[in-house]
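Here are a few exercises to work through with the model open beside you. Try each task before reading its solution.

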Amino acid sequence: MGRLTSAARTIAVGDLTQRVPVPRAQDEVQRLALTFNEMLASLDAMFARQRRFTADAAHELRTPVAAIRSLAEVALSERSEPEMYMHVLQNITSESERLGELIRDLLVLARADEGQASFEHEPVRLDLLAQGAVATMEHLAQERAVHLSVQSREQIQVMGDEARLIQVVLNLVENALVYTNPGGNVTVETGIEQERAILRVRDTGIGIAPEHLPHVFERFYRTDKARSRAAGGTGLGLSIVEWIIHTHGGTIDVQSQPEQGSLFSISLPLARQSEASEGEGNTAKYLEEHVGASKACVKLAYTLL
């Protein structure tokens, strides 16, 4: 017990790599030592993730700030035509928007880590939500010459935060479009399997290498850093998606093959009948007012309700 106390004091100074000695005797002291070491390993891993996240955040914030400063310095250092100044200002605006998105995502995850994020608990039509997301992203799909479609064969209602679930679907669809080459396909599917609501986003894009698959939901993890930054991502989108789905009592996983495409699958609890009967019509209203879905999609949503 004395050695345990001495080791604990050393660890209290801040060295979480230390471990307390485990007695050979299989008694309460041994179980205490083993439990204490497990706790230390968990804390050490948690603080390591926090340090890595802080370092990554500082690096990601520094990149757009440096770009804005460089562009401004170039514009101020020499006289030029108005067209050049317009080009510089457009680039500054683009970098500022990226910086704003990054700060927003960092705040979301900070609130999530502190348990301060609030979630609504209301009926949500997952099938209409998928249709609205596809309508919203149709313009991007046309720009990238990618065929975007939705397959929703039945009404599916879950309980949750509508705005955050919309964020999930939009994020997955946008990722699929960005990483699918012109002429490819992105499909959003909804259905019910084994009494669970299912949403899948399937693409025929560049895919993800097997060694990267276990890390795709980690914060700031990028399989192709140069391409991800060029696409405008913050590196936090999938981390936020995973957090939202887990908070709703759901699961999310990914399957992928390089050069063949990826499949992101979400499973959520279905709303109980008593819950599903409340608040119908909210989804279509939200799509119209907050997501910017097309008028045709909103009209379709009201027709199906």
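Accessible areas here come from the Shrake-Rupley method with a 1.4 Å probe. Please keep in mind that this is a predicted model.

**Exercise 1. Find how much accessible surface the protein has, and what share of that surface belongs to carbon and sulfur atoms.**

Start with the total: the accessible surface comes to about 17,400 Å². Next, take the share by atom type: carbon and sulfur atoms account for 52% of that surface. Then turn to the interior: of the 305 residues, 39% are buried, where buried means under 20% relative accessible area.

**Exercise 2. Work out the strand order of the open sheet, and explain why E2 and E6 each have one side without a neighbour.**

First, list what the protein contains: ten helices and seven strands. Five strands form the open sheet, in the order E2-E4-E5-E7-E6 and with mixed pairing. Now look at the ends of that order: strand E2 (147-152) and strand E6 (251-257) are at the edges and have a single partner strand each, so one side of each lacks a neighbour in the sheet. From one strand to the next, the twist averages 15 degrees.

**Exercise 3. Describe how E5 and E7 pair, then locate the helices H5 and H7 relative to the strands.**

Begin with the pair: E5 (residues 196-203) and E7 (residues 261-269) run antiparallel and are joined by seven bridges. To find your place, look for Ala197, which stands opposite Leu268 in E7. Next, follow helix H5 (residues 162-178), which lies across E2, E4, E5, E6 and E7 at about 25 degrees to E5. Finally, turn to helix H7 (residues 237-247): H7 packs on the sheet and touches E6 and E7, with its direction at about 140 degrees to that of E6.

Terms used. Residues are numbered from 1 along each chain as its sequence is written. This is a predicted model: local features need pLDDT of at least 70, side-chain atom pairs count only at pLDDT 80 or more; totals for chains, interfaces and linings use all residues. Side-chain values use heavy atoms; hydrogens and water are left out. Helices (H or I, at least four residues) and strands (E, at least two) are DSSP runs, numbered from the N terminus. Buried means under 20% relative accessible area, exposed over 50%, partly exposed in between (1.4 Å probe, protein chains only). Two strands pair if DSSP finds at least two bridges between them. Axes are lines fitted to C-alpha atoms, for helices over the stretch in contact, and angles run from 0 to 180 degrees between N-to-C directions. Contact means heavy atoms within 4.5 Å.
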